[in-house]
Amino acid sequence: MAERTLDLGGLQALLERVRGLKVACVGDLMLDRYVYGEVSRISPEAPIPVLKTRRRTAMPGGVGNVARNVAALGGVARLGAVAGQDAAGDELAALIAAEDGVEDALERRSGVETIIKTRFVAAGQQLLRLDEEATALLATETAAFTGASVYLLSDYAKGVVSDLVITQALTAALESGAPVIVDPKGRDFARYGAVDLIKPNASELAAATGLPVDTDEEVEAALGALLRTTTAKAIVVTRAGKGMSLMRRGEAARHFPGRAREVFDVSGAGDTGLAALGLALGAGASLETAVEFAILASGVVVGKAGTAVVTPAELIDAEMSQHAAGAHAKVMPLDELSHVVEGWKRQGLKVGFTNGCFDILHRGHVAYLAQARSWCDRLVVALNTDASVRRLKGEGRPINDLDSRAVVIGGLQSVDRVTSFDEPTPLTLIERLRPDVLIKGADYTREGVVGGDLVESWGGEVRLATFEDGFSTTRRIEKMKDQG
């Protein structure tokens with residue numbers, strides 16, 4: 001699995017960068033209607049449920065939902081699409097006009113019918129979907145690409161993403177440098193040309209290549225096969241709860257795990273993922289960061305009913321929850337930790353170890369742990385128990401209990417695992433874990449580091465990390481007392 005590149009701070013910074021970013025959203029537009037009700041009996045006319053209607057809603061679907069998601073995340077969507085000159089088209093135009101952050105480049109056509117998808121829902125489950133479409137809505141050139149920082153082509157195989165539109169997008173991209181991303185349909189992905197990214201789902205990847213896509217290895221083979229038959233620069237496949245897998249031309253595949261979320265409705269999740277990918281790449285993020293951003297956004301939207309959107313606040317809340325859960329997962333007792341460390345060593349990873357009270361985390365601690373992590377592949381931090389801190393620091397310490405200290409330390413990206421010890425020194429842990437690098441602060445001498453001789457005896461090393469001047473827990477506590 002790929003290492004994460006998007007943490008909470010990075011997410012907040014990315015959301016700032018995407019604000020106001022202009023995104024061309026071109027593709028097939030439809031009217032999504034939802035009929036919500038209750039089912040309490042089976043029809044006497046046939047073995048089917050009887051839906052008693054309680055509520056109806058409608059919203060732009062297809063590329064319209066991509067545009068809504070771009071706007072909800074803070075961007076400005078330039079919507080290039082086609083609708084009929086009919087009642088459904090009027091309803092769609094009114095809905096789009098009411099969306100803040102969506103610039104309408106909608107083309108109305110006579111002689112065609114606006115596509116309508118009506119979903120009937122009871123108890124959170126879709127009972128039936130009714131599709132109304134009769135005529136392919138072939139597109140001419142669109143003005144949506146002008147001035148945009150990224151071009152999104154949302155192809156539902158209804159005719160708008162034509163060869164003409166694809167050529168226009170690629171030509172505009174050559175002039176502007178904006179990336180082109182396609183959410184594809186059909187089996188002929190070569191028709192999209194040298195786009196920056198194609199984003200099929202797993203079933204679409206399987207259909208386009210004729211290959212199975214159940215395991216990571218099968219997905220890698222299918223991605224490689226698809227790249228050989230297209231001129232796309234990269235492909236990312238969405239794999240539902242398994243996350244996403246990415247392959248750039250000439251590089252190995254990378255697999256990104258999904259986020260554990262309660263799934264309520266997957267309608268439009270692909271649109272949300274496309275919007276998030278586009279915004280991130282348009283804002284200059286790496287492809288890896290864009291994939292993680294899309295996974296986070298899609299994971300939030302599947303927890304909502306209908307063709308939904310996700311907001312920056314919801315993404316931050318989701319990341320904070322994941323952050324806390326991840327921090328808790330890093331905290332473990334010695335017996336469990338020893339098995340983890342053994343596994344790291346079997347992979348050839350260099351294991352680092354440091355210890356301390358870490359009572360009130362401050363900037364000096366963060367810099368110290370970041371430096372410690374730079375000397376190893378995995379860093380273990382051992383914390384003094386509350387009783388051990390009191391013996392070392394006196395009554396009134398620690399300010400924060402062990403559980404709180406462990407979660408805060410575990411929340412740092414530089415820290416891989418957290419454990420604790422009650423003895424005066426961490427010698428027992430060092431003997432058990434046998435780290436490759438033992439790290440202490442530069443206020444120690446190498447000879448004064450407990451366990452240093454043991455680590456060196458099995459070929460490890462002792463490193464002394466510097467603390468930033470002016471930062472210490474004791475000084476911060478004294479300052480708080482003075483201010484109190």
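This report walks through the fold of one predicted protein model, from the whole chain down to a few single residues.

Some ground rules come before the details. Because the model is predicted, local features need a pLDDT of at least 70, side-chain atom pairs count only at pLDDT 80 or more, and totals for chains, interfaces and linings use all residues. Residues are numbered from 1 along each chain as its sequence is written, and side-chain values use heavy atoms, with hydrogens and water left out.

## The whole protein

Let's start with the overall picture. The protein has 16 helices and 18 strands; here helices (H or I, at least four residues) and strands (E, at least two) are DSSP runs, numbered from the N terminus. Its C-alpha atoms fit a box of roughly 85 × 55 × 50 Å along the principal axes.

Of the 484 residues, 50% are buried. Buried means under 20% relative accessible area, exposed means over 50%, and partly exposed is in between, using a 1.4 Å probe and protein chains only. The accessible surface adds up to about 21900 Å², and carbon and sulfur atoms hold 51% of that; these areas come from the Shrake-Rupley method with a 1.4 Å probe, and for residues, only the protein chains shown count as cover.

Now for contacts, meaning heavy atoms within 4.5 Å. Among those in the protein with a separation of 6 or more, 69% link residues 24 or more positions apart.

As for charge, the mean positions of the 54 positive and 64 negative charges are 2 Å apart. Lys and Arg count as positive and Asp and Glu as negative, while His and the chain ends are not counted. Each charge is placed at NZ of Lys, CZ of Arg, CG of Asp or CD of Glu.

## Strands and their partners

Strands pair if DSSP finds at least two bridges between them. Here are the pairings picked out for this report.

| Strand pair | Sense | Bridges | Example partners |
|---|---|---|---|
| β1 (residues 22–27) and β4 (residues 76–84) | parallel | five bridges | V26 and G80 |
| β4 and β5 (residues 102–109) | parallel | eight bridges | A81 and L106 |
| β2 (residues 29–42) and β3 (residues 49–62) | antiparallel | 12 bridges | L29 and G62 |
| β2 and β6 (residues 116–122) | parallel | seven bridges | R33 and T118 |

Strand β4 pairs with β1 and also with β5. Nine of the nine residues in β4 are buried, and both faces are covered. V76, R78, G80, V82 and G84 are on one side, with A77, L79, A81 and A83 on the other.

Strand β2 likewise appears in two pairings, with β3 and with β6. The link from β2 to β3 is a hairpin of six residues.

## Two enclosed helices

Helix α2 covers residues 63–72, and nine of its 10 residues are buried, so the rest of the structure largely encloses this helix. The buried set includes R68, N65 and N69 alongside V63, V66 and V70. After α2 comes G74, with a positive phi near 110°.

Helix α7 (residues 269–282) is largely enclosed too, because 12 of its 14 residues are buried. Among them are D271 and T272, plus L274, L277, L279 and L281. The end C-alpha atoms of α7 are 20 Å apart, which agrees with the 20 Å that its 14 residues should span at 1.5 Å a residue; the expected span is 1.5 Å times one less than the number of residues. Just after α7, G284 has a positive phi of about 90°.

## Single residues worth a look

Most residues other than glycine have a negative phi, and most peptide bonds are trans. F358 has a positive phi near 45° and sits in the loop between β14 (351–356) and α11 (363–373). R434 also has a positive phi, near 50°, and its place is the loop between α14 (427–433) and β17 (437–441).

Are F358 and R434 buried or partly exposed? F358 is buried, with a relative accessible area of 7%, whereas R434 is partly exposed at 41%.

Finally, H255 lies in strand β13 (residues 254–256) and counts as buried at 8% relative accessibility. H255 and K242 are 13 residues apart in sequence, and their C-alpha atoms are 9.0 Å apart in space.
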